[in-house]
Amino acid sequence: MADIVIHRGPANFFDAEVLCRVADLGEQLSAADGVRIIVLSSAGKHFCAGADFGAGSLADDRDRAAAEIYEHGARLFDLPLPIVAAVQGAAVGGGLGLACAADFRVVSRASRFAANFTALGFHHGFGLSVTLPRIVGHQRALDMLVTAQRVDGTEARRTGLADRLVEPGEEHAGALALAEEIAGQAPLAVRAVKRTLRAELAAEVRAALAHELEEQRRLWRTEDSRIGIAAARTRAEPVFTGR
């Protein structure tokens with residue numbers, strides 16, 4: 001078992017460099033002898049708040065930076081080892097996409113998920129067009145993506161977005177326990193089952209990413225996107241104009 005931990009607290013925003021490192025480690029671990037499963041976790045209060053659109057390369061050249069992020073994010077879907085995500089606090093926007101790239105999610109009632117893209121004025125990304133409907137069903141995914149509503153850990157477990165529900169503060173321990181359970185099974189059989197059930201997923205995600213990025217690039221140039229991103233950074237309520 002291996003534990004990949006993201007250290008960018010408290011919100012654990014990612015960029016292309018972070019996702020490249022996660023994907024590199026995943027590929028190295030998949031080729032290593034004796035590693036049967038990966039736990040993906042984060043230090044600090046929250047699992048992942050996605051990308052910070054007001055900072056770094058995402059502020060300077062959003063189109064290019066997003067393309068690089070998705071290039072490395074897509075690599076996670078090629079990994080042959082099963083991945084268990086320990087989701088404490090928030091998994092928001094791209095953080096939800098990262099959680100859905102894992103094969104399993106362990107949460108507590110204090111965990112929360114949100115596809116907050118429409119609240120920011122643009123299209124969702126990170127392959128959520130494919131992964132979220134697969135996990136919770138088409139209509140539930142549509143509801144989450146359109147309304148940007150928050151879903152707590154209890155609701156996530158009820159709808160299948162989470163696979164295990166533990167006590168608050170025990171998310172990482174719960175993920176390790178599930179990982180140990182899976183690692184105790186025949187490793188070749190586990191890999192084969194994952195390959196069978198997710199064989200087409202990587203290609204579907206890459207196709208979805210191309211469309212999602214095209215829509216994001218178009219909507220990032222709208223007044224609504226400027227309003228939504230600015231409001232999120234100041235914790236204000238956006239008033240969209242439809243322009």
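**Group meeting: pockets, cavity and packing in a predicted model**

In the lining of the second largest pocket, it is α10 that gives the most, with five residues. I should say at once that what we are looking at is a predicted model, and I would like to stay with this pocket for a moment before moving on to the others.

The second largest pocket has a volume of about 380 Å³, and 16 residues line it, with D103, F104, K194, L197 and R198 lying nearest its centre. Apart from α10, which spans residues 187-198, both β5 (104-108) and α6 (128-136) supply at least two residues of that lining. Sorted by class, this lining comprises 10 nonpolar residues, one polar residue and five charged ones.

Let me turn to the largest pocket, which holds about 1,100 Å³ of space. Its lining is made up of 38 residues, and those nearest the centre of the pocket are F13, A49, V92, N116 and A232. Two or more lining residues come from each of α3 (62-75), β4 (90-92), β6 (112-114), α5 (117-120) and α12 (223-234). Which of these elements gives the largest share of the lining? That is α12, with four residues. As for the chemistry of the wall of this largest pocket, 24 of the lining residues are nonpolar, eight are polar and six are charged.

Besides the pockets, the structure holds one cavity of 30 Å³ or more, and the volume of this largest cavity is about 50 Å³. The residues around the cavity are I4, V22, G26, I38, L40, L76, L79 and I83, which by class are seven nonpolar, one polar and no charged. Helix α1 (16-31) and strand β2 (38-42) each supply at least two residues of this lining.

Strand β2 deserves a closer look, and I would ask how many of its residues are buried. The count is five of five, so the strand is largely enclosed by the rest of the structure. Its two faces are both covered, with I38, L40 and S42 buried on one side and V39 and S41 buried on the other; two of these, I38 and L40, also belong to the cavity lining. β2 pairs with β1 in the parallel sense over five bridges, and within that pairing D3 stands opposite V39 of β2.

A comparable case among the helices is α4, residues 94-101, where eight of the eight residues are buried, so that this helix too is largely enclosed by the rest of the structure. The buried residues here are G94, G95, L96, G97, L98, A99, C100 and A101.

Finally, a word on the aromatic side chains, for which the count comes to four pairs. In one of these, the ring centres of F14 and F126 are 5.7 Å apart and the planes stand at 55°, so the pair is tilted. F14 sits in the loop between β1 (2-6) and α1, whereas F126 sits in the loop between α5 and α6, so the pair ties together parts that are 112 residues apart in sequence. F14 and F126 are both buried, and together with Y70 they form one aromatic cluster. There is also a charge over a ring to point out, since R62 lies over the face of W220, at 5.7 Å from the ring centre.

Definitions and conventions. Residues numbered from 1 in each chain as written. Predicted model: local features only at pLDDT ≥ 70, side-chain atom pairs only at ≥ 80, totals over all residues. Heavy atoms only, no water. 1 Å grid on protein atoms, 1.4 Å probe; cavity = no way out; pocket = protein on both sides within 12 Å on 5 of 7 lines; lining within 4 Å. Points joined across faces, edges and corners; volume = space filled by probe spheres on them. Nonpolar A, V, L, I, M, F, W, Y, C, P; charged D, E, K, R; others polar. Phe/Tyr/Trp six-rings, centres within 6.5 Å; stacked < 30°, edge-to-face > 60°. Buried < 20%, exposed > 50% of the residue type's maximum accessible area, 1.4 Å probe, protein only. Lys NZ or Arg CZ within 6 Å of the ring centre and 35° of its normal. Pairing = 2+ DSSP bridges.
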